[in-house]
Each structure stands twice: as structure tokens, then as C-alpha cells.
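Thanks, everyone. Please have the sequence and the model open while I talk. I'll go from the inside outwards, then turn to confidence.

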Amino acid sequence: MGAILAMAPGAQAATTVSDVAEQLRKSPVYVDPGMRGELSSADADALAKKIKDAGKPVFIAVLPADFPAQNGIPEQNLFRNLRTETGITGLYAVRLGDKFGAAADKRVLSSNAVNNLRTAAQGKDTKAQLDSFVDDALAGSIRGKAPSAWGGGAGSDGVNTGALIGLGAVAVAGGAGAYALVKRNKRKKAEEERAALQKVSVVVDEDITAFGEELDRLDFHPAEPGADDAMRADYERALDSYEKAKSMMASAERPADVRGVTQAVEDGRFSLAVLAARREGRELPERRSPCFFDPRHGPSVADASWAPPGAPARQVPVCAADKARIEDGENPAVRQVDTESGPRPYYEAGPAYGPWAGGYFGGGILPGLLMGTMLGSMMSSPAYAATESGAFGGGWEGGDQSGADFNSDDFGGGFGGGDFGGGGDFGGGGDFGGGGF
């Protein structure tokens with residue numbers, strides 16, 4: 001049977017998120033026993049077959065309205081928990097009672113696409129809604145392939161099993177020549193990644209050093225007069241972030257790995273800003289992105305209109321100093337990095353800086369900020385997005401077994417009417433790829 005359905009009529013056993021996830025790893029459609037009247041076994045099987053035949057990582061769950069309450073979790077955590085327990089990158093849709101929501105890993109489908117798919121499927125009964133959603137989704141540009149555990153269907157590029165067998169025969173016929181070509185391509189890619197990592201490492205090391213200097217300048221002592229537990233916790237978080245950044249950078253093997261480093265630096269820098277405000281008796285700062293022009297400037301204080309040469313203006317987060325420069329008609333203090341043609345702004349320096357910027361600004365806003373720049377153009381290309389050193393430094397493709405190893409900022413969606421925001425609710429507009437109930 002293509003879809004997984006509970007078999008005991010009238011069974012009242014509480015289904016857990018883990019139960020749903022276990023079944024979704026086996027088949028793309030799960031229907032809770034209490035929702036069998038909403039989607040028949042035949043309809044669920046037909047829906048599962050459609051998804052399998054397309055070979056895309058689309059997951060569908062039909063659950064009762066009180067499912068989150070039964071599991072003791074807030075409704076807004078349902079998508080994140082389901083994605084964590086299933087452990088597979090993909091596009092997830094949930095019919096929760098009479099609500100409908102969707103969410104996706106951004107490497108599989110963009111936030112806007114998820115939002116649009118969810119909206120287009122609203123106002124229909126369960127069968128019509130799910131059929132409409134799946135049809136529209138499969139007709140779009142979902143990246144990745146179906147999990148191999150599902151079996152059958154086309155591959156990520158619509159290649160069927162027979163075609164793959166034929167390709168295998170060609171590969172065998174090629175023999176040692178084909179093997180040598182694969183090895184040569186892998187070696188070339190590894191060399192390119194090492195060179196790119198060496199280039200971006202200079203900038204990352206500068207960031208870590210600057211953060212360490214900020215720690216020293218703050219000159220905070222946990223036992224100093226006036227220090228309280230909140231201040232000590234802020235300081236400890238900052239120190240932990242500093243050590244984490246150094247450790248992660250020491251073990252980095254490719255440009256994609258630096259995203260976690262700059263993310264740690266940014267977390268630590270914000271903890272320092274909070275600590276400084278507590279010591280001075282000021283209002284605690286709002287958590288904002290760092291200054292777009294140079295993250296070493298610290299958390300932004302406002303958004304300002306800015307446009308790179310020949311590109312449209314957009315709102316970018318800026319520090320107080322750069323805000324003043326722009327208002328005075330001056331150029332902001334942009335981070336310069338070394339290139340073959342001399343110092344250039346980081347957003348004009350090449351793809352190696354994509355993960356570096358992604359750690360600071362996250363997957364949600366970065367493409368819009370970089371629109372019209374060299375880095376933005378590279379990151380928007382399918383070839384770049386498909387690489388492991390792609391725009392946001394992720395190595396997991398659609399259908400991959402990532403387990404719980406995913407950035408919640410890059411998985412958004414929900415049920416509509418709120419902010420999913422990477423931790424997700426059924427509230428739409430977030431970073432699990434948009435969507436919502």
C-alpha cells in the first residue's frame with residue numbers, strides 16, 4: 001500500500017510525532033486513524049503514488065485538530081518537530097483538522113513558493129486540497145529527489161529505474177576511463193574548495209580576532225560589583241560563542257563550514273551588546289541582523305535605503321555610523337576583501353563569501369540584500385545553489401537524510417496568518433520556506 005494508514009477501526013491510541021515521522025520515512029502520505037473519513041485509503045494511495053512517480057521529496061500528513069495538544073507541544077512547533085523526527089529534507093504539508101499548512105527546507109523550495117502553494121490550496125475539502133497542493137508543487141521547481149526508502153518512481157531529474165540501469169551499463173563499459181574521470185573531477189573540486197576556503201579564512205579569522213578584542217575591551221568580571229546572574233549568563237554565552245567559533249574554524253574543510261563560524265560570532269556579539277546594556281542600565285537591544293556593510297560594526301540599529309551601482313535600491317540593516325554616513329550623502333564603510341583585482345567589497349568578491357555572509361544574515365533575507373551584486377547573482381544561479389558550498393553553506397539536498405542536523409532558520413512555513421520564523425508555527429511567512437496554515 002502506497003500510503004500508510006492505521007489499521008485498527010475506531011482505535012483511539014494517541015499517535016505521536018515520532019509515529020507520523022516513522023511512517024513518512026516509508027511513504028509520502030500518512031493519515032491518522034481518526035481522520036480516515038477525511039481521506040480514504042484509495043485516495044491516500046493515489047496521492048502517494050503520484051508523489052512517488054514524480055520522485056520528489058513531498059510529505060503529506062492528515063492529522064486531527066487536537067494532535068499538538070495530545071502530544072503536549074505548541075501548535076507552532078509542529079512543523080519543526082515533524083521535520084526533526086522525520087529527518088529528511090523536503091516539502092511538508094499538514095492538514096490539521098480543518099487547517100492546512102506547509103513548510104519546506106529552502107534548498108528544496110523557496111519561502112515565496114511555499115506560501116503561494118499553501119494559499120492556492122485553501123478553501124477546499126481535504127481530498128481536493130491535497131490533490132491541488134501536490135499537483136501544483138510537482139509542477140513547480142522542487143529540488144532534490146524522493147527518499148530511496150519509498151522505492152519506485154523517477155529520480156530527482158525524472159530519470160526512471162530503467163534509464164539508470166542503462167546508464168550503469170554505459171559506466172561499466174567505460175571501465176577504468178570513467179573511474180579515472182570521476183576521480184579527476186573530485187580532485188579538482190576538492191582543490192577548488194581548498195583554495196576558496198583559504199581565501200575566505202582570512203576574513204573569518206579577522207572576524208574572530210575582532211570579536212575577541214571586543215571581549216577584552218568590555219573588561220567584564222563575573223565577581224565585579226553590580227554584576228548579577230543575567231550579566232554573568234550573557235558573558236558566558238559570549239565566551240562560549242568565541243570558543244565555538246575558534247573550534248569550528250579550526251576544523252573547517254570547505255567554504256560551507258564557515259557559516260557556522262560566523263553564526264557563532266554573531267550570536268556572541270549580540271550577547272555582548274546585551275551585557276553592555278545591562279551594565280549601563282540601558283534598555284536591552286532588539287535582536288537585529290548585523291550591519292550589512294561590515295558585520296564587525298555590530299548589531300544594526302535601523303534599516304537604510306542603499307543600492308549597488310546599476311541595481312535597484314533596497315533596505316539593508318545598518319549600524320549607527322553607517323546610517324549617519326548615508327544620511328549625510330557619504331559612502332558607508334564597506335568591508336573590503338582581497339581579490340585578484342585588488343580590494344573589493346565582499347559582495348563583489350566571489351562565491352566563497354556566500355556561506356560567510358549566510359552565517360551573519362541567515363537564509364531568509366540574504367538574497368534580497370545582495371540583489372544586483374556579483375555574489376547575489378552567483379547565489380541565485382541553479383548551479384551555485386546545487387553545490388555543497390552554495391549560497392547558504394548547506395550540504396543537504398532535497399530527500400537527503402539530515403536527521404536533526406538542519407538550521408531552523410532555513411526551514412519555514414506554517415498555517416498562515418503569523419510568523420513561522422524558523423521555529424515555525426502554522427502561521428506562515430517564516431523561514432522554513434514560507435507557508436502556514
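Start at F292. This is a predicted model, so take each contact as a computed one. Leaving out residues up to four places away in sequence, F292 touches W306, V316, P317, Y346, Y347, F361, L369 and L370. That is eight names to click through if you want to follow along.

Now put F292 in its setting. The largest nonpolar core has 48 residues. F292, Y346 and W356 touch the most other members of that core. Which elements each supply at least two residues of this core? Two strands do: β6, residues 302-306, and β7, residues 314-318. The helices that do are α8 (176-218), α9 (229-251), α10 (258-280) and α12 (353-370). The largest share comes from α8, with nine residues.

There is another core, and it lies apart from this one. It has 46 residues. Among them are V20, V31, A93 and L130.

Keep L130 in mind and move to a helix pair. In general, two packed helices are described by the angle between their axes and the distance between the axes. Here the pair is α2, residues 41-54, and α6, residues 126-139. Their axes come within 11 Å. They cross at roughly 5°. An angle under 35 degrees counts as roughly parallel, so α2 and α6 are roughly parallel to each other.

Who meets whom? From α2 we have D43, L47, K50, I51 and A54. From α6 we have K127, L130, D131, V134, D135 and L138. So what is the make-up of this contact by class? There are six nonpolar residues, five charged and no polar ones.

A few single residues next. Take α8 again. A196 lies in that helix. Is A196 buried or exposed? Its relative accessible area is 18%, and the cut-off for buried is under 20%, so A196 is buried. A196 touches P255 and A352, again skipping residues up to four places away. Its C-alpha is 8.4 Å from that of P351, and those two are 155 residues apart along the chain.

Over to α10. V274 has its place there. V274 is buried too, at a relative accessible area of 8%. V274 touches D234, L284 and P285, with residues up to four places away left out. From the C-alpha of V274 to that of M231 is 8.3 Å, with their positions 43 residues apart in the chain numbering.

Next, V94. This one sits in strand β4, residues 91-96. The relative accessible area of V94 is 0%, which makes it buried. V94 and V62 are 32 residues apart along the chain, and their C-alpha atoms are separated by 5.8 Å.

N115 is in helix α5, residues 111-120. N115 is buried, with a relative accessible area of 18%. N115 and A102 are 13 residues apart in sequence, and 7.7 Å apart in space, C-alpha to C-alpha.

One backbone point. D219 is found in the loop between α8 and α9. Its phi is near 50°, a positive value in a residue other than glycine. D219 counts as partly exposed, at 45% relative accessibility.

Now the whole chain. The protein has 437 residues, and buried residues make up 49% of them. The secondary structure comes to 14 helices and ten strands. Take contacts between residues at least 6 apart in sequence: 63% of them join residues at least 24 apart.

Last, confidence. Mean pLDDT is 80. Of the residues, 74% reach 70 or more. Where is confidence highest, and where is it lowest? It is highest in strand β2, residues 29-31, at 97. It is lowest in helix α14, residues 382-385, at a mean of 48.

Two stretches need a flag. Over residues 5-12, pLDDT stays under 50, and the model has nine contacts there beyond four places in sequence. Over residues 385-395, pLDDT also stays under 50, and the model has 34 such contacts. Where pLDDT is low, the predicted coordinates should not be read in detail.

That's the tour. Over to you.

Technical notes
Residues numbered from 1 in each chain as written. Predicted model: local features only at pLDDT ≥ 70, side-chain atom pairs only at ≥ 80, totals over all residues. Heavy atoms only, no water. Core = buried A, V, L, I, M, F, W, Y, C linked by side-chain atoms within 4.5 Å. Buried < 20%, exposed > 50% of the residue type's maximum accessible area, 1.4 Å probe, protein only. Helix = DSSP H or I, 4+ residues; strand = E, 2+ residues; numbered from the N terminus. Contact = heavy atoms within 4.5 Å. Axes fitted to C-alpha atoms, helices over the stretch in contact; angles between N-to-C directions. Parallel < 35°, antiparallel > 145°, perpendicular 65-115°, else oblique. Nonpolar A, V, L, I, M, F, W, Y, C, P; charged D, E, K, R; others polar. pLDDT = per-residue confidence, 0-100.
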